[in-house]
Amino acid sequence: MTDFASRLVSAVLATGRRLSGLVCVLLGISFITFTMTYFAPGDKAAAIAHARYPDAQGFPPEILDGIRQEFYLNEPFFVQFFQWLWRFVQGDFGNSFASNVPVLEIFLANITETLALTASSLAIGLVAAFCLSAISVWKPGSLADRFAVALASIGAAMPNYWLGLLLILLFAVELNWLPSYGTGTPAHIVLPALTLAFWIMASQTRLLRTFFLEAKSAPYIETLRLRGVSEREIFWRHIQRHAAVPALTMIGLDVASLLEGTIIVELTFARGGIGSLLAGAVLSRDYPLILFLVMFFALVYVLINSLIELFQDALDPRKSLELLSNTDVGDEVRS
Amino acid sequence: MTVASDLSLTEEANLKQKQHGKNLDRFLKNIGLGLVISGAIAAAGFFFTPYAPNAPDFLNRLSPPSSEHWFGTDQLGRDVATRLLYGGVWSVGLAFLITLIGAITGTLVGLAAGHFGRFADITLMRMTDSFFAFPELVAAVTIAGVLGPSTANMVLALILVGWMKFARLVRGLSIDLAHRDFITQAKLNDLPSWLILWRHILPNIGASLLVLWTNSWSRSILSISGLSFLGFGVQPPNAEWGAMLLSGKAYLQTAPHLMIFPGLAILVTVLTINLMGDQLRDLVDSRSTISE
């Protein structure tokens with residue numbers, strides 16, 4: 001019973017430490033995000049006025065002063081920061097400068113396209129990576145293995161906007177099989193998804209191959225082999241499970257980078273989605289939208305990282321002991 | 001442990017180190033040779049090319065690759081091969097500069113976190129974690145866009161988001177090292193902490209730093225050309241590879257050579273640097289002993 005109590009206390013302490021670290025990081029993220037837009041050139045009051053009264057030509061100073069009062073634009077930096085943060089935490093993300101529509105509405109209208117692209121490319125990429133790495137560890141050093149490694153190296157060095165252009169050139173211009181730009185039909189998603197999937201395939205093949213090889217050289221695998229368990233069963237039942245934990249960790253991190261990759265791919269293929277939304281917002285200096293989107297990307301990253309840690313703790317009993325001495329958020333996850 | 005086995009152990013370690021030293025020598029010679037050859041080719045290109053990178057030739061617009069223009073000409077009749085050479089200076093050189101500054105900043109932050117007490121450690125690492133949460137491209141697009149698209153702003157943005165990996169690596173390694181005997185000894189001898197850092201810590205983490213640095217160098221080339229391709233980086237008429245791809249995109253159907261060659265240049269360069277990094281990592285991993 002005392003053992004259970006002390007365990008409980010240590011678990012609570014560790015969780016508390018994690019949570020306090022998480023809060024610090026979230027504060028840091030919002031501070032950096034706010035600072036990025038705070039020092040931008042241009043009169044924000046005039047931009048807000050333009051969003052509210054799109055037809056007006058000039059604005060009397062009273063209106064601008066009123067807006068400055070309302071948005072605390074005359075206050076010092078830290079007052080402005082906490083005012084923004086307080087509104088943000090309450091779910092008041094403000095209206096877009098460009099269209100005066102709530103930022104959240106614009107975001108929700110665009111996120112589905114990005115999610116569809118992310119999900120489909122992740123699915124294609126992971127299946128390809130799994131097949132390639134399974135073939136490659138079957139006989140390490142064979143021709144198939146070398147091919148897989150070479151493909152992974154090329155994929156890691158491939159600029160994805162160039163791959164996108166090459167795919168357009170081949171499938172849309174030369175063969176005329178698929179549409180090149182824009183959104184609409186399901187066929188429009190094929191080329192962008194393939195572009196991102198190639199990158200996922202490359203990074204995951206490399207990692208999976210290493211994890212499989214590590215699992216394959218574990219002593220208990222040799223024991224199983226000596227006991228006469230078939231190679232097929234060893235691979236499907238043992239090596240796979242052994243490699244699952246590190247693989248899931250890396251897939252989680254890739255999802256975070258995948259969202260980043262959608263920016264370039266969405267712009268290359270002139271698709272809708274939050275990537276092209278961010279680029280548009282940046283070019284038109286739509287600060288509420290920029291702040292929201294940057295916060296979104298950062299929060300997704302932190303969330304995924306925290307989930308990976310929880311997941312690792314749950315799966316690996318050794319980790320719960322280490323927790324007591326570990327003070328960092330996600331130190332070993334992304335090195 | 002007996003004295004004899006102890007001796008043989010040190011001998012083995014010495015032998016390993018010698019072997020490793022030989023490998024490293026050979027590797028560095030190969031790298032040096034490779035760099036000299038590619039540098040010589042690039043220099044010869046600058047010397048022999050009869051064209052200027054930004055000189056238009058309206059009679060020869062969009063001409064396909066020929067013996068006069070090896071990689072063809074672009075929409076203004078500029079020689080693509082010449083522009084690729086000059087573009088390499090932008091892409092590879094800027095990436096070199098950005099990662100160098102990032103590596104120095106990150107190393108300083110990491111060393112400070114590892115050596116100036118718990119408070120400094122927690123503060124600095126929380127800061128690093130916060131910066132880490134921003135995907136490189138998101139932060140770079142935002143900063144470069146909000147400040148206005150230009151080369152200088154892109155460089156600033158990439159430096160801001162490029163130092164955290166180095167900070168984490170250096171902090172981890174130097175904390176590991178801090179418990180070694182030779183560090184304790186140095187502390188007992190009242191060596192000032194900057195001297196310990198400079199003479200005992202830094203030389204021992206140098207190799208790992210170099211591996212990470214090669215890695216981020218190639219990533220940085222991809223980021224620079226990606227940002228330029230999106231219009232947030234190097235601006236035309238400067239011949240940067242990503243910017244060349246952007247202007248070539250419009251002529252995808254009539255003159256595909258405009259987008260094939262710059263992309264190929266990026267791919268080959270990044271691949272080369274990555275392979276170099278892989279080899280370097282294998283060498284560092286094979287080193288088992290720490291030089292004191």
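How many residues does each chain, A and B, bring to the contact? In this predicted model, the contact takes 44 residues from chain A and 37 residues from chain B. On the side of chain B that touches chain A, at least two residues each come from α3 (117-132), α4 (136-147), α6 (164-178), α8 (193-230), α9 (241-249) and α10 (257-286) of chain B. The element that gives the most to this side is α4(B), with nine residues. Sorted by class, the side of chain B that touches chain A holds 24 nonpolar, eight polar and five charged residues.

Chain A itself makes a good next stop. Its secondary structure consists of 13 helices and zero strands, so a walk from the N terminus passes α after α. The radius of gyration of chain A is 25 Å, well over the 20 Å that the globule rule gives for 335 residues, and the chain is therefore more spread out than a compact globule. Along the principal axes, the C-alpha atoms of chain A fill a box of roughly 85 × 70 × 25 Å. Of the 335 residues in chain A, 33% are buried. Among contacts in chain A between residues at least 6 apart in sequence, 73% join residues at least 24 apart.

The nonpolar interior comes next. In soluble globular proteins, nonpolar side chains tend to be buried together. Here, the largest nonpolar core has 139 residues, and those with the most contacts inside it are Leu278(A), Leu293(A), Ala140(B) and Val141(B). Helix α8 (residues 190-216) of chain A gives the most to this core, with 15 residues. Domain 1 (20-90) and domain 2 (103-324) of chain A each supply at least three residues to this core. For a closer look, Leu293(A) can serve as an example: leaving aside residues up to four places away in sequence, Leu293(A) touches Ile274(A), Leu277(A), Leu278(A) and Ala281(A).

How far can the picture of chain A be trusted? The average pLDDT of chain A is 78, and 91% of the residues score at least 70. Among the elements of chain A, helix α5 (residues 103-138) has the highest mean pLDDT (87), whereas helix α13 (residues 317-322) has the lowest (49). Over residues 319-335 of chain A, pLDDT stays under 50, and the model has 24 contacts beyond four places in sequence for these residues. Where pLDDT is low, the predicted coordinates should not be read in detail.

Notes. Residues numbered from 1 in each chain as written. Chains lettered and ligands numbered in written order. Predicted model: local features only at pLDDT ≥ 70, side-chain atom pairs only at ≥ 80, totals over all residues. pLDDT = per-residue confidence, 0-100. Helix = DSSP H or I, 4+ residues; strand = E, 2+ residues; numbered from the N terminus. Contact = placed C-beta atoms within 7 Å. Rg over C-alpha atoms; globule rule 2.2 N^0.38 Å. Buried ≥ 20, exposed ≤ 12 C-beta atoms within 10 Å, placed from the backbone. Nonpolar A, V, L, I, M, F, W, Y, C, P; charged D, E, K, R; others polar. Core = buried A, V, L, I, M, F, W, Y, C linked by C-beta atoms within 7 Å. Domains from an automatic or database assignment.
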